[in-house]
Amino acid sequence: MKKLSVIFLGPPGVGKGTQSKIISGHFGIPHISTGDMLRAERAAGTPMGKQIQSILDRGDLVPDNLVVEIVKKRLAEPDCAQGYILDGFPRTVVQADVLEAFSPTALACNLTAEVPALVERISKRRSCPNCGQMIQSKSSGEERCPNCSEIMVQREDDREETVRNRLRVYAEQTAPLIDYYDRIDLLVSFDGMRDIDMITGEIIQDMERVRGR
Ligand code: AMP
């Protein structure tokens with residue numbers, strides 16, 4: 001059976017995190033989110049966390065060398081031996097080149113959506129500071145986590161100004177990876193605005209096809 005080394009491409013807010021978590025549970029392989037790892041560094045106040053704080057808040061990209069080091073270390077851990085879901089990495093051609101030399105990708109899942117829908121979706125996104133659960137906000141008042149009842153908060157970089165910058169950064173630096181993975185025949189694309197379960201079902205089918213090769 002082929003190793004399920006899978007990456008998720010797509011703009012912020014398209015559902016990469018949601019799908020990655022479900023798919024990771026389905027196949028029993030780790031979900032590796034570079035955004036989560038970088039936010040954890042910041043929250044822990046490590047030297048790297050301090051260095052990247054303002055970059056995260058602006059919605060710009062953290063320098064390639066820093067992210068690449070974190071990812072290489074994580075992919076070398078034993079739980080990645082059968083495969084992994086990379087969510088939010090690679091985000092530049094440099095990162096993709098390093099990844100493909102270090103641990104070749106078996107499938108690149110590209111989720112798509114139009115910008116206005118993304119802005120709307122992200123500005124309603126709330127996350128749980130305790131367990132990381134995400135929801136779409138339904139009211140302007142206080143909302144509690146469906147898992148652990150903590151008060152839900154808006155991520156600093158989910159505010160509209162920052163969202164627009166993140167979308168710009170995505171278009172300039174990350175969108176070229178769609179062509180990159182298409183050219184090496186690893187790309188599958190899904191309309192990210194449809195029903196979550198429907199998208200999950202299609203991704204699972206593609207991953208089973210790849211695994212059985
Ligand atoms: P995300 O949670 O994937 O939207 O990532 C949140 C933020 O973390 C991004 O806006 C970037 O500042 C940073 N980040 C995450 N992944 C990467 C990456 N592969 N390269 C550079 N910066 C990243």
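**Questions about the ligand shell and the fold**

User: How many residues of the shell around the ligand are nonpolar, polar and charged?

Analyst: In this predicted model, local features need pLDDT of at least 70 and side-chain atom pairs pLDDT 80 or more, while totals for chains, interfaces and linings use all residues. Residues are numbered from 1 along each chain as its sequence is written, and side-chain values use heavy atoms, without hydrogens and water. Ala, Val, Leu, Ile, Met, Phe, Trp, Tyr, Cys and Pro count as nonpolar, Asp, Glu, Lys and Arg as charged, and the others, including Gly, as polar. On that basis, the shell has six nonpolar, four polar and six charged.

User: Which residues come nearest to the ligand?

Analyst: A residue counts as near when one of its heavy atoms lies within 4 Å. Of the 16 residues around the ligand, the nearest are Thr 34, Asp 60, Gly 88, Arg 91 and Gln 95.

User: Which helix gives the most to the shell around the ligand?

Analyst: Helices (H or I, at least four residues) and strands (E, at least two) are DSSP runs numbered from the N terminus. Four shell residues come from one helix, spanning residues 34-44, and that top contributor is H2.

User: How much of the accessible area of the ligand does the protein cover?

Analyst: Let's start with the polar contacts (N or O pairs within 3.5 Å). Ligand nitrogen atoms are 3.0 Å from the side chain of Arg 91 and 2.9 Å from that of Gln 95, while a ligand oxygen is 3.2 Å from the side chain of Arg 166. Of the 480 Å² accessible on the ligand alone (Shrake-Rupley, 1.4 Å probe), the protein covers 95%.

User: Which are the edge strands of the open sheet?

Analyst: Strands pair when DSSP finds at least two bridges between them. The five strands run parallel in the order E2-E3-E1-E4-E7. Two of them pair on one side only, namely E2 (31-33) and E7 (187-191).

User: Which residue in E4 stands opposite Ile 7?

Analyst: Strand E1 (residues 4-9) runs parallel to strand E4 (residues 107-112), and four bridges join them. Opposite Ile 7, the residue in E4 is Ala 108.

User: Which residues does a cis peptide bond join?

Analyst: Most peptide bonds are trans, which makes this a nice one to look up. Pro 90 lies in the loop between strand E3 (83-87) and helix H5 (93-102). With omega at about 0 degrees, the cis bond joins Phe 89 and Pro 90.

User: What is the radius of gyration of the chain?

Analyst: The chain has nine helices and seven strands. For 213 residues the globule rule gives 17 Å, and the chain is close to that, so it is as compact as a globular protein of that length. The rule is 2.2 Å times the number of residues to the power 0.38. Taken over C-alpha atoms, the radius of gyration is 17 Å.

Methods: Polar contact = N/O pair within 3.5 Å; in protein donor to acceptor, adjacent residues only side chain to side chain.
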